[in-house]
Amino acid sequence: MGKFDPAEIVESARRGGYAVGGFNMHNVETTQALLQAAELADAPVFMQVGRAVVPHMGLAESFRMTQRELSKSDAQAVIHLDHGTYDEVFEALQLGFDSIMFDGSHLDFEDNIEATKHVVKVCHSFGVPVEAELGKIPDANTAINWPDFYTSVDEAERFVAETGVDFLAISAGVMHGVTATEPLPLDIERIARIRDVTGIPLVLHGASGVPLDDIRAAIAAGINKLNADTDLRHAFRRGIEETWALGDRQLEDAMAEGRRQMIEATVQKMREFGCADRSQNQNLAQAVTA
């Protein structure tokens, strides 16, 4: 297994004009699905330990599960903490996570700067890059007054300058989950303005259900990492439900079909994000044996 530099993966996406995918695992089968999809698509991937799996099995076991499956894979993959709390950041560093997302978006602006600045200082001392979030990303199918959620361009400029964060997750019209109504177009102009004033790669969470034209426009405007979970989780669920609809089946059969359908859905996302056929083209000569 090679150990890859997450910052270089994202920087390569910026130079190449595409976005790398960040996808969440929920169990062994979904972890395998993401890695097999990355191999099939020849794509880099951020394997994300997120807010659903941590309460289910704990941060340490989630990391070890991902590490075990990654040790059997040839995928260009890094293990990333998604929406980490302050305490989880330091546990993740001790465990050996490759990349950290500290989410201080629930704090007021000044407190978010101070907390993120400290996280960046500590993580960088371990050689670990940091993603932070500014603005708020609402849940789908809730009443949304978008001006209350959008990332401020002026605040983004100051936030990046004062914290030294490596990647910035912004709010520009995305939601967690998939809305049952027609989604509003992304604020592409806002994305481009934030790119121009910060000068760092930008991240969009909640890419499930976003129209492909918007995805492509967001990448062109400065998004170099796209997180998606709901669409892939629904593919896994569909495989399980279709198997059980045939009558009594073994759980393993249902999980295997869920994994197969999730692989297909993930490969499709990688193609849409532009990161398919990219893992061998990146300048990762600095990869070392883990």
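A salt bridge is a side-chain nitrogen of Lys or Arg within 4 Å of a carboxyl oxygen of Asp or Glu. The close-ups below come from a predicted model.

**View 1. K225 and E131 form a salt bridge between two strands.** The closest N and O atoms of K225 and E131 are 3.0 Å apart. This pair links distant parts of the chain. K225 sits in strand β9 (residues 223-228), and E131 sits in strand β6. The two residues are 94 residues apart. K225 is buried, and E131 is buried as well. Side chains of opposite charge can pair when their charged atoms come close. In the whole structure, the count comes to 18 salt bridges.

**View 2. E162 and R158 pair within helix α7.** Their closest N and O atoms are 2.7 Å apart. Both residues lie in α7, four residues apart, which is about one turn of the helix. E162 is partly exposed, with a relative accessible area of 32%. R158 also counts as partly exposed, at 32% relative accessibility. Elsewhere, salt bridges that share partners join E61, R64 and R68 into one network.

**View 3. K72 meets E69 in a salt bridge.** The N to O distance is 3.3 Å. K72 has 63% relative accessibility, so K72 counts as exposed, the cut-off being over 50%. E69 has a relative accessible area of 10%, so E69 is buried, the cut-off being under 20%. E69 also appears in the next view, as one of the residues that T31 touches.

**View 4. Three residues of helix α2 are buried: T30, T31 and A37.** T31 has a relative accessible area of 0%. Leaving out residues up to four places away in sequence, T31 touches M25, M47, M65, T66 and E69. T30 counts as buried at 2% relative accessibility. With the same sequence neighbours left out, T30 touches M25, F236 and M262. A37 has a relative accessible area of 0%. Beyond four places in sequence, A37 touches I263, T266, V267 and M270. The C-alpha atoms of A37 and A276 are separated by 9.8 Å, although these residues are 239 residues apart along the chain.

**View 5. Helix α6 covers residues 109-125.** The helix has 17 residues and reaches 24 Å from its first C-alpha to its last. That is close to the 24 Å expected at 1.5 Å a residue. Buried residues of α6 include F109, N112, I113, A115 and T116. V119, V120, V122 and C123 are buried too. The buried residues of α6 pack against helices α5 (86-95) and α7 (153-163), and against strands β5 (99-102) and β6 (130-134). G127 follows α6, with a positive phi near 75°.

**View 6. Two cysteines, C123 and C275, are buried.** C123 has 0% relative accessibility. C275 has 0% relative accessibility. A search of the whole structure finds zero disulfides.

**View 7. Two loop aspartates, D42 and D277, have positive phi.** D42 has a phi near 55°, a positive value in a residue other than glycine. D42 lies in the loop between α2 (28-41) and β3 (45-49). D42 is partly exposed, with a relative accessible area of 23%. D277 has a positive phi of about 65°, although D277 is not a glycine. The loop that holds D277 runs between α11 (251-273) and β10 (288-289). D277 counts as exposed, at 52% relative accessibility.

Note on methods: Residues are numbered from 1 along each chain as its sequence is written. This is a predicted model: local features need pLDDT of at least 70, side-chain atom pairs count only at pLDDT 80 or more; totals for chains, interfaces and linings use all residues. Side-chain values use heavy atoms; hydrogens and water are left out. Buried means under 20% relative accessible area, exposed over 50%, partly exposed in between (1.4 Å probe, protein chains only). Contact means heavy atoms within 4.5 Å. The expected span of a helix is 1.5 Å times one less than its number of residues. A disulfide is a pair of cysteine sulfur atoms within 2.5 Å.
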